[in-house]
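Got the viewer open? Here is a short walk through the model, one selection at a time.

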Amino acid sequence: MSADTWIHLPDALVEDFVEGRLSDLDAVRVATHADDCAMCRNRLAAAEPLTSLFASCDEPDVPADLAARVIAALDAPPPAERPVAPGIAAGLAVAAIAVLVLLGSPGELVAGGQIVWQALGSTLRAVELPVALVTPVWMAAAMATFAAAAVTARRLEGGPRQASWR
Amino acid sequence: MAARALRLHDGEIDESPWIEAAAAGDPEASAWLVERYTPTVYRFTLRLMRNEQDARDATQDTLVKVLRNLERYDDRWKFSTWVISIARNTCIDTFRKRKRQSWDEPTDVADHGPSPLELTSRQQRAEVLHAALDRIPPLYREVLVMYHFDHMKYREIADVLDIPIGTVMNRIFRARRKLRDAFDAELDGES
């Protein structure tokens, strides 16, 4: 069976589709065709016994004031950014303190940094990091790490996702 | 502003000028989108959640999210599909908040009509259908709502759920089977 040969779906195929008798591949071909062919989409719907049942339902009335309520809500200021949950914030603070304790003072980091630089080879061997420069860099790196952790925590809490009923 | 609503040859309205204007902060364009999508979103959320107050709240939340995040809209998606996907996520958020209560509790939607004896056959069928829909898990209810009530294409449902089209069809088949069973159980008066 080739989807390319269909102008419209044969009746037998419509029936097999509705009854779930097609292979997955053929069923996808039929569905894809129906998505692009209004006539066949209507034929599939008409062949499905549940369609008439759904058609017996009236459209629910929409509350008359609902659109105005939405527009009013739009005019209201957006809610403040949700803060990081207290538990996560406390955990991050503890982690930051632990990093400071384990890594030591800025001076020790400078010494360690110099060893690393020396190991990089002759080109870098001549480079020395002035303490005045390294301290703000160290502080900035720590703050950036903390900010990245906070953003990650925020995403874990409720960032963009494909929601699931489960 | 009226010139923005260009009718295309297939009968659909080109919404892109309104979307762009609303994204640029035009309140009239925002209001136009709200008026246009309030019925769609309300009916979708009502059919999923089966509670009028929840549907009102979800509609408001959905459209506020949509209008405040228009710059994130990717026009490779159909706009209505994007809106429905946000409405669905909003319903799921409500569902999760209510999970410890009971999602399956009787809802207020069917409480306003006449007594069963006064119902016509058509109304009775609709009532039983809604009761049957309440019986099946939301995972299956949502695909039936999208396909049968909102007349969405398989591809659009796949986009909203972010799953392959074959999975959509399998889920719809299973959902119909569950709905038929639930419908029969309702007719038999099972609790």
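How many residues of chain A are in contact with how many residues of chain B? Select that interface to begin: 29 residues on chain A are in contact with 39 on chain B. Three elements of chain A, namely α2, α4 (49–55) and α5 (66–75), each give two or more residues to the side that touches chain B. The biggest giver is α5(A), with 7 residues. Colour that side of chain A by class and you get 19 nonpolar, 5 polar and 5 charged residues. Keep in mind throughout that this is a predicted model.

**Stop 1: chain A on its own**

Hide chain B for a moment. Chain A has 9 helices and 0 strands, so to speak an all-α run: α-α-α-α-α-α-α-α-α from the N terminus on. Of its 166 residues, 9% are buried. Now think about the contacts in chain A with a separation of 6 or more: 62% of them link residues 24 or more positions apart.

**Stop 2: A:A31**

Bring chain B back and select A:A31, which sits in helix α2 (residues 24–36) of chain A. Is A:A31 buried or exposed? It counts as buried, because 23 C-beta neighbours fall inside 10 Å and the cut-off for buried is 20 or more. Leaving aside residues up to four places away in sequence, A:A31 touches B:Y154, B:I165 and B:M169. Add A:F17 to the selection too: the C-alpha atoms of A:A31 and A:F17 are 8.8 Å apart, with the two positions 14 residues apart in sequence numbering.

**Stop 3: α5(A) against α3(B)**

Next, show α5(A) together with α3(B). Their axes come within 9 Å and cross at roughly 45°. That angle falls outside the parallel, antiparallel and perpendicular ranges, and the two helices are therefore oblique to each other. Look at the handedness while you are there: the crossing of α5(A) and α3(B) is right-handed.

Which residues meet across the α5(A) and α3(B) pair? From α5(A), pick A:L66, A:R69, A:V70, A:A73 and A:L74; from α3(B), pick B:R56, B:T59, B:Q60, B:L63, B:V64 and B:L67. By class, this contact of α5(A) with α3(B) holds 7 nonpolar, 2 polar and 2 charged residues. As you scan the numbering, remember that an α-helix has 3.6 residues a turn, so residues three or four places apart point the same way.

**Stop 4: α4(B)**

Move into chain B and select helix α4 (residues 79–98). Its 20 residues reach 29 Å from first C-alpha to last, close to the 28 Å expected at 1.5 Å a residue. Show the side chains of its buried residues: B:W82, B:V83, B:I84, B:I86, B:A87, B:R88, B:N89, B:T90, B:C91 and B:T94. What do the buried residues of α4(B) pack against? Light up α2 (27–49), α3 (52–68), α6 (138–149) and α7 (154–161) of chain B, and you have the answer.

**Stop 5: α2(B) across α4(B)**

Finish with one of those partners. The axes of α2(B) and α4(B) come within 10 Å, crossing at roughly 40°, and this crossing is right-handed. On the α2(B) side, the contact is made by B:Y37, B:T40, B:V41, B:F44, B:T45, B:L48 and B:M49; on the α4(B) side, by B:S80, B:V83, B:I84, B:A87, B:C91 and B:T94. Colour the contact of α2(B) with α4(B) by class to see 9 nonpolar, 4 polar and no charged residues.

Definitions and conventions
Residues are numbered from 1 along each chain as its sequence is written. Chains are lettered from A and ligands numbered from 1 in the order in which they are written. This is a predicted model: local features need pLDDT of at least 70, side-chain atom pairs count only at pLDDT 80 or more; totals for chains, interfaces and linings use all residues. Helices (H or I, at least four residues) and strands (E, at least two) are DSSP runs, numbered from the N terminus. A residue is buried if 20 or more other C-beta atoms lie within 10 Å of its own, exposed if 12 or fewer, and partly exposed in between; C-beta atoms are placed from the backbone. Two residues are in contact if their C-beta atoms, placed from the backbone, lie within 7 Å. Ala, Val, Leu, Ile, Met, Phe, Trp, Tyr, Cys and Pro count as nonpolar, Asp, Glu, Lys and Arg as charged, and the others, Gly among them, as polar. The expected span of a helix is 1.5 Å times one less than its number of residues. Axes are lines fitted to C-alpha atoms, for helices over the stretch in contact, and angles run from 0 to 180 degrees between N-to-C directions. Angles under 35 degrees count as roughly parallel, over 145 as roughly antiparallel, 65 to 115 as roughly perpendicular and the rest as oblique. A crossing is left-handed if the near helix is turned anticlockwise from the far one by less than a right angle, and right-handed if clockwise.
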